[in-house]
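Reader: Could you walk me through the labels in this model? I'd like to hear what stands behind each one.

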Amino acid sequence: GFLGQEGGSAIADILVGRVNPSGKLPITIPKQLADSPSSAYFKGQEDKIDYSKVGIFEGYRGYDAKGIKPLFPFGHGLSYTKFQYSDLKLSLNRGDPRDPEVRVSMTLTNSGKVSGADVVQLYVQEKSPSVPRPPQELKGFEKVALKPGESRVIGFTLSVEAFRYWNVDTHAWKVNPGQFNLRLGSSSRDIRLKASLVLGKPRKRK
């Protein structure tokens with residue numbers, strides 16, 4: 001990125017330990033260009049690049065779908081401390097696929113010796129999709145700063161947007177009844193906690 005005129009000072013503060021780095025990658029960095037899901041279309045034809053064949057499998061979704069290990073995964077970051085993930089809890093307030101509400105909570109603990117921040121990432125996976133879907137999709141994240149030994153409960157609320165997909169036949173958003181897996185981690189490839197839930201058949205509305 002473009003660090004600006006204070007970029008050198010910021011890097012120096014990190015290298016000597018004055019500041020604990022806490023940034024996370026918003027992209028996936030491949031080991032080689034050919035690993036990128038869009039690499040085959042990058043040069044394009046007649047000054048045009050067509051990403052239509054990549055579709056929803058761009059970025060980390062494409063790497064996950066093809067089982068390709070990146071050099072640095074989406075959401076990756078470094079720290080001078082360590083974080084523990086524990087006590088994952090789910091509460092299915094509404095199981096109707098047309099209007100679900102799922103509350104997710106977990107405890108994040110700074111188990112190291114220095115203060116730092118981590119970005120907890122929540123991914124959702126449909127176990128048996130009726131259409132091609134990525135193995136997991138980021139549906140929530142929260143950055144939390146903690147002192148050494150400090151813990152904090154982090155909560156997420158998932159609505160219908162977290163489970164639905166665009167049905168190209170009906171031209172509408174849809175959620176299929178069935179099992180969904182919830183995955184919490186420090187990056188797309190560093191999943192620490194897992195749980196599952198089942199959304200039932202929609203109830204008739206009066």
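**Behind the labels**

Author: Let's start with a facing pair: F180 stands opposite L197 in strand 9. Keep in mind that this is a predicted model.

Reader: Okay, what makes strand 8 and strand 9 a pair?

Author: Pairing takes at least two bridges between two strands. Strand 8 (residues 178–187) and strand 9 are joined by nine bridges, so they count as paired. They run antiparallel.

Reader: Which sheet do they belong to, and in what order do its strands come?

Author: An open sheet of four strands, ordered 4-3-8-9, with antiparallel pairing. From one strand to the next, the twist averages 20°.

Reader: Why are strand 4 and strand 9 called edge strands?

Author: Strand 4 (137–146) and strand 9 (190–199) each pair on one side only. That's what puts them at the edges.

Reader: What holds strands of a sheet together in general?

Author: Backbone hydrogen bonds, in either a parallel or an antiparallel arrangement.

Reader: How do you know that strand 2 pairs with strand 5?

Author: Same kind of check, with a cut-off of at least two bridges. Eight bridges join strand 2 (residues 101–110) to strand 5, so the pair qualifies. The two run antiparallel, and T109 faces S151 of strand 5.

Reader: What is the order of the sheet with strand 5 in it, and which strands are its edges?

Author: Three strands make up this open sheet, in the order 1-2-5 and with antiparallel pairing. Strand 1 (83–94) and strand 5 (151–158) are the edges, each pairing on one side only. Here the twist averages 15° from one strand to the next.

Reader: Let's leave the sheets. Why is T28 called buried?

Author: The label needs a relative accessible area under 20%. T28 has 14%, so T28 is buried. You'll find T28 in the loop between helix 1 and helix 2 (60–66).

Reader: What is T28 in contact with, leaving aside neighbours within four places in sequence?

Author: G59, Y60, Y63, P70, F72, P73 and F74.

Reader: And L3: why is that one called exposed?

Author: Exposed means over 50%, and L3 has a relative accessible area of 58%, so L3 gets the label. L3 lies in the segment before helix 1 (7–15).

Reader: What makes L3 part of a patch, and what kind of patch?

Author: A patch member needs over 30% relative accessible area and no salt bridge, and nonpolar side chains are joined within 5 Å. L3 is in a nonpolar surface patch with I11, L15 and V16. Together they have about 430 Å² of accessible area.

Terms used: Residues are numbered from 1 along each chain as its sequence is written. This is a predicted model: local features need pLDDT of at least 70, side-chain atom pairs count only at pLDDT 80 or more; totals for chains, interfaces and linings use all residues. Side-chain values use heavy atoms; hydrogens and water are left out. Patches are made of residues with over 30% relative accessible area and no salt bridge: like charges are joined within 9 Å, nonpolar side chains (Val, Leu, Ile, Met, Phe, Trp, Tyr) within 5 Å. Accessible areas come from the Shrake-Rupley method with a 1.4 Å probe; for residues, only the protein chains shown count as cover. A salt bridge is a side-chain nitrogen of Lys or Arg within 4 Å of a carboxyl oxygen of Asp or Glu. Buried means under 20% relative accessible area, exposed over 50%, partly exposed in between (1.4 Å probe, protein chains only). Axes are lines fitted to C-alpha atoms, for helices over the stretch in contact, and angles run from 0 to 180 degrees between N-to-C directions. Contact means heavy atoms within 4.5 Å.
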